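Visitor: Please take a close look at the charged side chains here and at the part of the fold they sit in. I would like to know how they are placed and what surrounds them.

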Amino acid sequence: MNRNSREILYHYTDFQALDGILRQKQLRVNNILNMNDAAEMRHFMRGLCMAVIHRLEDDGPRDKIPAVRQLFHEELKKDFSYSAYAACFSFHRDDAAQWERYGNRGRGVCIAFQSRFLEKMSTGALSLQQVFYQDDMDGHELVRVFCRFIQGGAVLSDNDPDIKEALRDAWICSVAFKHPSFWSEHEMRLVVFPFEKEDFDVQPCYHITTERIKKYYPLDLESMCCRVGIGLEDLITEIIIGPESTQSPAILQDYLRDNGLDALAERVYLSSCPLRRPPV
């Protein structure tokens with residue numbers, strides 16, 4: 001087993017989600033705006049705005065800078081309309097930070113996926129994206145695009161079809177950028193853009209808790225696997241039980257066998273991470 005290979009992506013989650021993936025054969029993608037980075041998507045948009053302003057400060061026209069600030073200020077109010085939904089993976093196997101943040105504080109599971117199959121499944125509105133951790137967007141192609149419009153005399157309004165399309169492209173790019181303080185996650189994301197209706201016909205679902213209602217989209221793993229000619233046991237290479245979990249490996253293996261996943265039952269492991277939760 002190659003534990004450090006980028007051929008494998010690790011999804012840290014809880015046992016309810018594991019059941020959804022294995023028995024119901026569904027992979028949920030959740031709203032990125034509700035994830036642990038409070039600046040999700042907005043981080044890139046703000047960085048893009050500043051990069052355009054820096055370019056105008058150097059090359060002009062400087063008198064358009066207030067209009068640029070106003071354009072992006074108004075656009076940031078639309079973040080929910082452009083929300084992306086994602087399932088998150090890490091290149092790190094059995095990692096303490098991942099267990100703590102995403103694996104139910106070490107009491108959940110880590111599911112290993114073959115990245116090459118996820119890549120093949122990523123078609124239409126679905127894409128597998130590596131996350132970049134940076135503040136400086138000066139080198140991004142969209143900076144040049146916006147500056148070309150501005151220097152060409154375009155009216156900075158989302159009523160202009162070219163500006164509107166560029167802003168839409170910016171929102172799509174935004175899911176691949178996070179604040180540098182999250183760099184240790186080494187994250188990949190399976191992302192969908194529900195606002196791209198022509199390429200995405202999955203109906204939303206809602207998870208109701210005692211505290212709030214969450215919106216998500218269930219991806220049909222069974223049909224996705226069939227489309228690339230594999231089974232679920234080809235896609236998933238192992239299951240790791242969290243370091244703080246009380247789950248019996250034998251019962252998990254029985255669960256897998258009873259759900260027709262005999263081969264996967266032989267690939268259940270206990271975490272070797274010495275994670276210990278601090279005392280309450």
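**Charged pairs and their surroundings**

Guide: In this predicted model, Arg144 is partly exposed, with a relative accessible area of 39%. The side chain of Arg144 meets that of Glu141 in a salt bridge, with N and O 2.2 Å apart. Glu141 is also partly exposed, at 44% relative accessibility. Both residues belong to helix α6, which covers residues 141-151, and because they are three residues apart there, about one helical turn separates them. The general background is that an α-helix has 3.6 residues a turn, so residues three or four places apart point the same way.

This pair is one part of a longer list, since a search of the whole structure finds 16 salt bridges. Another joins the side chains of Asp19 and Arg23 at 2.7 Å, N to O. Its two partners fall into separate accessibility classes: Asp19 has a relative accessible area of 18% and is therefore buried, the cut-off being under 20%, while Arg23, at 45%, counts as partly exposed. Asp19 is among the buried residues of helix α1 (residues 15-22), together with Leu18, Gly20, Ile21 and Leu22. The N-terminal end of α1 is capped by Asp14, which places a side-chain oxygen 3.2 Å from the backbone nitrogen of Gln16.

A third salt bridge links Lys178 and Glu187, with the closest N and O atoms 3.3 Å apart. Here both partners are buried: Lys178 has 1% relative accessibility, and Glu187 has a relative accessible area of 4%. The two residues also belong to a network of salt bridges that takes in Glu40, Arg101, Glu185 and Arg189 as well.

Which residues does Glu185, a member of that network, touch beyond four places away in sequence? They are Asn36, Ser90, His92, Gln98, Arg101, Tyr102, Tyr133 and Lys178. Two residues of this list, Arg101 and Lys178, are themselves members of the salt-bridge network. Glu185 is placed in the loop between β7 (177-178) and β8 (187-192). Although Glu185 lies in a loop, the residue is buried, with a relative accessible area of 2%.

Strand β8 also contains Val192, a nonpolar counterpart to the charged residues above. Val192 counts as buried at 0% relative accessibility. Leaving aside residues up to four places away in sequence, Val192 touches Val29, Ala84, Tyr85, Ala125, Leu126, Phe200 and Leu219. The position of Val192 relative to Ala86 shows how the chain folds back: the two are 106 residues apart in sequence, but their C-alpha atoms are 6.3 Å apart in space.

One further charged residue is Arg93, in the loop between β3 (85-90) and α4 (96-102). Arg93 is buried, with a relative accessible area of 13%. Its side chain makes a polar contact, at 2.9 Å, with the side chain of Glu238.

That contact leads to strand β11, which covers residues 236-241; six of its six residues are buried, so the strand is largely enclosed by the rest of the structure. Strand β4 (residues 109-114) pairs with β11 in the antiparallel sense over five bridges, and Cys110 has Ile240 as its bridge partner in β11. Strand β12 (residues 268-270) runs parallel to β11 and is joined to it by three bridges. The partner of Ile241 in β12 is Leu270. As a general point, side chains in a regular strand alternate between the two faces of the sheet.

For contrast with these buried sites, consider strand β9, residues 205-208, which contains Ile208. Is Ile208 buried or exposed? Ile208 counts as exposed, at 54% relative accessibility, because the cut-off for that class is over 50%. Together with Tyr206 and Ile213, Ile208 makes a nonpolar surface patch of about 350 Å².

To return to the request, the charged pairs described here have varied surroundings. Arg144 is partly exposed, as is Glu141. Lys178, in contrast, is buried, and so is Glu187.

Notes:
Residues numbered from 1 in each chain as written. Predicted model: local features only at pLDDT ≥ 70, side-chain atom pairs only at ≥ 80, totals over all residues. Heavy atoms only, no water. Helix = DSSP H or I, 4+ residues; strand = E, 2+ residues; numbered from the N terminus. Buried < 20%, exposed > 50% of the residue type's maximum accessible area, 1.4 Å probe, protein only. Contact = heavy atoms within 4.5 Å. Patch = residues over 30% accessible without salt bridge, like charges linked within 9 Å, V, L, I, M, F, W, Y side chains within 5 Å. Areas by Shrake-Rupley, 256 points an atom, 1.4 Å probe, with all protein chains shown as cover. Salt bridge = Lys/Arg side-chain N within 4 Å of Asp/Glu carboxyl O. Polar contact = N/O pair within 3.5 Å; in protein donor to acceptor, adjacent residues only side chain to side chain. Pairing = 2+ DSSP bridges.
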